[in-house]
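Trainee: I have a new model open and would like to learn how to read it. Could you walk me through a few features?

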Amino acid sequence: MDELADFCQREDLWLHVDGAYGAPAMLTERGERTLKGLQRVDSLALDAHKWLFQPIECGVVLVRERRWLSETFKEQPEYLKDVEQDGDELNFMYQGVQLTRLWMSFKVFGLDAISRAIEAGFDNAELAEALLRQAGCWEIVTPAQMAIVTFRYQPSGGDEELANRVTHDLVGRLLEDGFAFASGTQLGGKPVMRMCCNNPRTTPQDLQTTINLMSELAAKLELIYY
Ligand SMILES: *Cc1c(COP(=O)(O)O)cnc(C)c1O
């Protein structure tokens, strides 16, 4: 690490260390020997939830000079003028790439492409609804809207309890299978499944395969529970 630090100093380069796992070892003599030079980095990431025994949400990035972050990442477009901070208040928006990333996406892909990607979600949910209706064993609970469709299993005998049980348990079965993920929720006091189709990479074939799979799994569950 000392050699790296020398090199970066000579070449005027930023030295960042991913200490997610190991950095806390600096708190011991053995670790300090192993990680000699770590104190010279410009920035250091560490996961307090690993070797500092904290809950999982706790991640840390240390930067030698706080202003380096805002000097690098701060954007002040017209639409953010209103949320401008006073004085020295720390605003995480200006400390990393998140804001820049949105701006970059619009620059690189263009508004049209993003609009089409959102549009694809509407289309996919409508197609999913049509395919669910076609399959014949699903009741549409809320028709496709905002890229989401909800539905529940409709057993051949129309038994409500059976429908509830199959619909509820199908979520876990689908997850176990691993091909696709649909979440479950409750609507009107009954379990329903929910397909959120807002990934623009989802193809009509993906939807068809998912719905075929759900129909098969649900039919199996019906047989078991009947
Ligand atoms: C755990 C780990 C990461 C990933 O950290 P997350 O907090 O899980 O995103 C990155 N680098 C190293 C060396 C790690 O040990």
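Trainee: Is Cys-58 buried, exposed or partly exposed?

Mentor: Happy to start there. This is a predicted model, and in it Cys-58 has a relative accessible area of 31%, so it counts as partly exposed. Cys-196 is in that class too, at 40% relative accessibility.

Trainee: How many disulfides does the structure hold?

Mentor: The general idea helps here: a disulfide is a covalent bond between the sulfur atoms of two cysteines. In this structure the count is 0. Take Cys-196: its closest cysteine sulfur belongs to Cys-197 and sits 6.6 Å away, which is too far for a bond. The cut-off for a disulfide is 2.5 Å.

Trainee: Now the ligand. Which residues are around it?

Mentor: The shell consists of Asp-18, Ala-20, Tyr-21, Asp-47, His-49 and Lys-50. Sorted by class, that gives 2 nonpolar, 1 polar and 3 charged residues.

Trainee: Which side chain has an N or O atom 2.7 Å from a nitrogen atom of the ligand?

Mentor: That is Asp-18. Oxygen atoms of the ligand have partners as well: a polar side-chain atom of Asp-47 lies 2.6 Å from one, and Lys-50 places a polar side-chain atom 2.9 Å from an oxygen atom of the ligand. On its own the ligand has 380 Å² of accessible area, and the protein covers 42% of that.

Trainee: And how is the protein divided into domains?

Mentor: Domain 1 spans 2-109 and domain 2 spans 114-225. Taken over C-alpha atoms, the centres of domain 1 and domain 2 are 42 Å apart.

Key
Residues numbered from 1 in each chain as written. Predicted model: local features only at pLDDT ≥ 70, side-chain atom pairs only at ≥ 80, totals over all residues. Heavy atoms only, no water. Near = heavy atom within 4 Å. Polar contact = N/O pair within 3.5 Å; in protein donor to acceptor, adjacent residues only side chain to side chain. Areas by Shrake-Rupley, 256 points an atom, 1.4 Å probe, with all protein chains shown as cover. Nonpolar A, V, L, I, M, F, W, Y, C, P; charged D, E, K, R; others polar. Domains from an automatic or database assignment. Buried < 20%, exposed > 50% of the residue type's maximum accessible area, 1.4 Å probe, protein only.
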